[in-house]
Amino acid sequence: MTMKGKYLNPKADLIFKMVFGEHPDLVMSLLNALLPLPADGQIESVEYLTPEMVPENPAKKDSIVDVRCKDQQGRQFIVEMQLYWNEEFKRRVLLNASKAIVRQLNEGENYSLIQPVYCLSLVNDKAFDYETDEFYHDYAIVDVEHTDRHIDGLRLVFVELPKFKPQSISEKKMAVLWLRFLTEIAESTVEAPKELLENEATRKALKLVEKSAMTEGQLYAYEKFWMAVVDERILREAATKKGYNEGMQKGIEEGMQKGIEEGMQKGIKEGIKEGIKEGLYLVARNMKQMELPIANIAKATGLSEKEIAEL
């Protein structure tokens, strides 16, 4: 990988964790900016929790999250960066959120002690929702018929980074700054936008992602991460191409089979229809040879008087 610029990409796993998993003030700023928190419910302090959400059943997979923390009220927050999107990731987010709720209580404790859980998933893939250009998706537990009625305790927010445009948000300056930090800073960035340098939080984050601040071991791990990402992309594209080709072949075969079957059915129907008509002609000829009135023959066979006259 060629890194010509001054910075590393903050979307890389180890860089993202370095910025938001080791600096409480930065993750607090990010959460306040991007989560739908009430004006009187802003996060004032955070405490990091272990990012591993190991299940009770050892036969099940461990779930590793990028950043997990709680604030002064006891509310828990899970922050994840996802470079690729699939339906399994959505279920994993739900699983981690559920674990964060369950782990809050010891046996016999009152349910009133459970604090809300917020999940912020930053998705660097448009595959989350192709049907809309909106980049911000806020999920809550609501009544299907009366969406103004809801159950507090769980909030899932997904942000599609490729769809973000600075003009998409006008009322939250920090949301714009953090999303610009995540979408505009990369290996090719020589000079950071002045708006990011002028803000205290994003300026600090920029210092953390400078190449010069990394050890050789960190830079090596960084390059290995992106090599793995490229390999994953190649495998996904190959699988998609294979699926497309197999789907096309199957579609052609099924189309041909359906065409043959429909053709045979149509042929049979047409054949029966022609056979019946020939039979009626034969009956009409015989009746005509018996010198029966044409009107009577037409009534008996259903043929027109013109058809009968031409026999």
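**Residue environments and helix packing**

Outside the stretch up to four places away in sequence, Gln42 touches Asn32, Leu37, Gln72 and Arg75. The model described here is predicted. Gln42 is placed in the loop that runs between helix H2 (24–34) and strand S1 (46–48). Its relative accessible area is 29%, and Gln42 is therefore partly exposed, since this class lies between the limits of 20% for buried and 50% for exposed. A polar atom of the Gln42 side chain is found 3.3 Å from the backbone oxygen of Pro38. The C-alpha atom of Gln42 is 9.5 Å from that of Asp71, a residue 29 positions away along the chain.

For the protein chain overall, the secondary structure consists of nine helices and eight strands. The chain has 311 residues, of which 37% count as buried. Of the contacts between residues at least 6 apart in sequence, 62% join residues at least 24 apart.

Asp125 and Glu160 were examined together, as each appears in the contact list of the other. Asp125 belongs to the loop between strand S6 (117–123) and strand S7 (136–142). Its relative accessibility is 18%, so Asp125 counts as buried, the limit for this class being under 20%. The contacts of Asp125, with neighbours within four places in sequence left aside, are Leu83, Tyr84, Trp85, Glu160 and Pro162. With Trp85 there is a polar contact, in which the side chain of Asp125 reaches the backbone nitrogen of Trp85 at 3.0 Å.

Glu160 is located in strand S8 (residues 150–160). Glu160 has a relative accessible area of 0% and is therefore buried. The side chains of Glu160 and His137 form a polar contact of 2.6 Å. When neighbours within four places in sequence are set aside, the residues in contact with Glu160 are Val123, Asp125, Lys126, Ala127, Phe128, Asp129, Glu134, Phe135 and His137.

Val117 is a residue of strand S6. It is buried, at a relative accessible area of 0%. Beyond four places in sequence, Val117 is in contact with Gln76, Ala97, Ala100, Ile101, Gln104, Gly153, Leu154 and Arg155. Val117 and Gly74 are 43 residues apart along the chain, and their C-alpha atoms are separated by 9.3 Å.

The packing of helices H2, H4 and H6 is considered next. Two packed helices are described by the angle between their axes and by the distance between the axes. H2 and helix H4 (residues 173–184) pack with axes 8 Å apart, at an angle of about 120°. H2 and H4 are therefore oblique to each other, because this angle lies outside the range of 65 to 115 degrees for roughly perpendicular pairs and is not over 145, the limit for roughly antiparallel ones. The crossing of H2 and H4 is left-handed. H2 contributes Leu26, Ser29, Leu30, Ala33 and Leu34 to this contact, and H4 contributes Met174, Ala175, Trp178 and Leu179. The contact of H2 with H4 comprises eight nonpolar residues and one polar residue, with no charged residues.

H2 also packs against helix H6 (residues 200–208), where the axes come within 10 Å and cross at roughly 125°. At this angle H2 is oblique to H6. H2 passes H6 in a left-handed crossing. On the H2 side the contact is made by Asp25, Leu26 and Ser29, and on the H6 side by Ala201, Lys204, Ala205 and Leu208. By class, the residues of the contact of H2 with H6 are four nonpolar, one polar and two charged. Leu26 and Ser29 are thus among the residues of H2 that take part in its contact with H6 and among those that take part in its contact with H4.

For H4 and H6, the axes come within 10 Å and cross at roughly 15°. H4 and H6 are therefore roughly parallel to each other, as angles under 35 degrees count as such. The crossing of H4 and H6 is right-handed. Met174, Leu177, Trp178 and Phe181 of H4 meet Ala201, Thr202, Ala205 and Leu206 of H6. The contact of H4 with H6 has seven nonpolar residues and one polar residue, and no charged ones.

Definitions and conventions: Residues numbered from 1 in each chain as written. Predicted model: local features only at pLDDT ≥ 70, side-chain atom pairs only at ≥ 80, totals over all residues. Heavy atoms only, no water. Helix = DSSP H or I, 4+ residues; strand = E, 2+ residues; numbered from the N terminus. Buried < 20%, exposed > 50% of the residue type's maximum accessible area, 1.4 Å probe, protein only. Contact = heavy atoms within 4.5 Å. Polar contact = N/O pair within 3.5 Å; in protein donor to acceptor, adjacent residues only side chain to side chain. Axes fitted to C-alpha atoms, helices over the stretch in contact; angles between N-to-C directions. Left-handed = near helix turned anticlockwise from the far one by under 90°. Nonpolar A, V, L, I, M, F, W, Y, C, P; charged D, E, K, R; others polar.
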